[in-house]
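Here is a short tour for someone meeting this structure for the first time. Keep the sequence and the 3D view at hand while reading.

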Amino acid sequence: MAFVKDFVWGAASSAIQIEGSPLADGGGESVWDRFCSIPGKVAGGVDASVACDSYHRYEEDVAMLEAMGLKAYRFSTSWARIDPRGDGSWNAAGLAYYDRLVNLLLEKDIEPYVTLHHWELPQALEDRGGWLNPETARAFARFAGMMAEHFRDRVRMYFTLNEPQCVLHLGYHQGLHAPGRHLDQRGLFSCWKHLMMAHGLSMRAIRAADAAAQVGLASTGRLCYPETDSAEDMAAAERATFRVFDDDWLFHHGVVLDAICKGSFAPCSGTVLEALAQELSKEDWEIIHCPPDFIGLNVYNGNCVRADGEGEAYVPRPAGYPLTALKWPVTERVMHEGVGHIWKRYNLPIYITENGQSCNDRIFLDGAVHDPDRIDFLARYLGQLKKCAETADIRGYFHWSLTDNFEWHSGYGERFGLVYVDYASQKRILKDSARWYREIAASNGASL
């Protein structure tokens, strides 16, 4: 049994992680360029000034997609490269780079899925307050509208924001990611509000510029699956997925998706979020409440849950539980029941916009890159996704990532790609998993 007809098989990347040359041809500094310059912020003291050199080698990346027979590529456009001052003074040379990339993809019959903000906030806007400043939301809407107008005859699929939860949790709370801030709860709520407004304003701007465009958002957060198939455990896993706690409201699907899809908050009674939410006006909600055409989900792992009296409890993982190289747990059932919770709650088409694992990849003596652990991971997760697709509207799957790349504060120590990058030479090598994935895509998942 295969996935639905026209199921989308693709791979994903982001600008700051692969392009390099951020200041080339008039580009501007992003928050990540500034963050990398601060000693101790990135493992190994490295930065993204070269990364995979895709600014110059994008043709090689497209050739990798073509070699795998993939018909879709999710990538982000660097806001800072195109809008270096954050004021709408567009950098034509930066925009021309994406013209070249999009045109080549279309020539190769590969559909572009464009993410407009994958954390590449122009530093000029951060200097004016970043996501604490409501003007940042309006600046993003201006950027999104321009992009939709510019690409209206070539790009059909857009994501406004990628993982606003991580922008908040890692960037403005923990300080592990750019811009490296440690805000209090009120400051974090202001950033949340302006990110949600950015989605609403930008989605309206895209639709005004191109009525044929389809617009979504890529979300991440806690997903749960039941310990057993009992009705009690299944209900507990669903409740746990959407329950808001004081200590993790930032990393929660419902805090984003309930807001934009339902125009309300996920249940948060008794939490700090409940009090803060009272400050939102009717006019705020009118901007924020802007249901997308589809939902993107970035899924790596989840939590096993069992019923516990009237509530729910996490099931502890035993010693020696399987982990990826990044020490993330391998929990394939999250792709069935966990993703299913999102479908049930929002009833919107779903794309898996990121999924994959970091491995300790290397070039073997035979010149190849063998990664059986990644193949096993994908077989498990895709098998569970196929079960989910029997009842949910799952439209596509984008492997994270196309190539090895700059992995944020981990630098170059983690490899997620289907394509190995030898950073010294910038040579690309298809891993065994890339060839395996090619066969899965060619059979539309029937060979799983």
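What follows covers the nonpolar cores, the aromatic rings, the salt bridges and two serines. The model is predicted.

## Nonpolar cores

Start inside. The largest nonpolar core has 131 residues. Trp9, Trp32, Trp131, Trp192 and Tyr397 have the most contacts within this core. Helix α9 (residues 185-209) gives the largest share, eleven residues.

Trp9 shows what such a position looks like. Beyond its neighbours within four places in sequence, Trp9 is in contact with residues from several stretches of numbering, including Phe3, Leu70, Lys71, Ala72, Leu382 and Tyr397. Tyr437, Ile440, Ala441, Asn444 and Gly445 are also among the contacts of Trp9. Tyr397 thus appears twice: as a contact of Trp9, and in the list of residues with the most contacts inside the core.

There is also a second, separate core. This one has 13 residues, including Tyr113, Phe159, Phe294 and Phe416.

## Aromatic rings

The model holds 34 aromatic pairs. How are the rings of Phe242 and Tyr346 arranged? The pair is edge-to-face, because the planes stand at 75°, and over 60 degrees counts as edge-to-face. The ring centres are 6.3 Å apart. Phe242 lies in helix α10 (residues 231-242) and Tyr346 in helix α14, so named from the N terminus. The two are 104 residues apart, and the pair links distant parts of the chain. Phe242 is buried, with a relative accessible area of 5%. Tyr346 is buried as well, at 8%.

Elsewhere, aromatic residues gather in a group. Trp32, Phe35, Trp119, Phe406, Trp408, Tyr412 and Tyr423 form one aromatic cluster. Trp32 is also one of the residues with the most contacts inside the largest core.

Two arginines lie over ring faces. Arg74 is over the face of Phe159, 5.0 Å from the ring centre. Phe159 belongs to the second core. Arg345 lies over the face of Phe242, at 4.3 Å from the ring centre.

## Salt bridges

The model has 35 salt bridges. Three of them are set out here.

| Acidic residue | Basic residue | Closest N to O distance |
|---|---|---|
| Asp53 | Arg57 | 3.2 Å |
| Glu111 | Arg156 | 3.0 Å |
| Asp258 | Arg345 | 2.9 Å |

Take the bridge between Asp258 and Arg345. Asp258 lies in helix α11 (residues 253-262) and Arg345 in helix α14 (residues 337-346), so the bridge ties together parts that are 87 residues apart in sequence. Asp258 is buried, at 1% relative accessibility. Arg345 is partly exposed, at 25%. Arg345 therefore has two partners in this account: Asp258 through the salt bridge and the ring of Phe242, whose face Arg345 lies over.

The bridge between Glu111 and Arg156 comes next. This pair also links distant parts of the chain, 45 residues apart. Glu111 is in strand β3 (residues 111-117). Arg156 is in the loop between α7 (134-150) and β4 (157-162). Are these two residues buried or partly exposed? Glu111 is partly exposed, with a relative accessible area of 23%. Arg156 is partly exposed too, at 40%.

In the bridge between Asp53 and Arg57, Asp53 counts as buried because its relative accessibility is 15%, and the cut-off for buried is under 20%. Arg57 is partly exposed, at 24%.

Some charged residues join up further. Asp361, Asp371, Arg374, Asp404, Arg415 and Lys431 are linked in a network of salt bridges.

## Two serines

Where does Ser78 sit? Ser78 is in the loop between β2 (72-76) and α4 (79-82). Ser78 is buried, with a relative accessible area of 9%. Leaving out residues up to four places away in sequence, Ser78 touches Ala15, Glu19, Tyr98 and Glu120.

Ser49 is also in a loop, between α2 (31-36) and α3 (54-67). Ser49 is partly exposed, at 36% relative accessibility. With residues up to four places away set aside, Ser49 touches Gly20, Ser21 and Pro22. A polar contact of 2.7 Å joins the side chains of Ser49 and Asp47. Across the model, the C-alpha atoms of Ser49 and Arg239 are separated by 43 Å. Ser49 and Arg239 are 190 residues apart along the chain.

Note on methods:
Residues numbered from 1 in each chain as written. Predicted model: local features only at pLDDT ≥ 70, side-chain atom pairs only at ≥ 80, totals over all residues. Heavy atoms only, no water. Salt bridge = Lys/Arg side-chain N within 4 Å of Asp/Glu carboxyl O. Buried < 20%, exposed > 50% of the residue type's maximum accessible area, 1.4 Å probe, protein only. Helix = DSSP H or I, 4+ residues; strand = E, 2+ residues; numbered from the N terminus. Phe/Tyr/Trp six-rings, centres within 6.5 Å; stacked < 30°, edge-to-face > 60°. Lys NZ or Arg CZ within 6 Å of the ring centre and 35° of its normal. Contact = heavy atoms within 4.5 Å. Polar contact = N/O pair within 3.5 Å; in protein donor to acceptor, adjacent residues only side chain to side chain. Core = buried A, V, L, I, M, F, W, Y, C linked by side-chain atoms within 4.5 Å.
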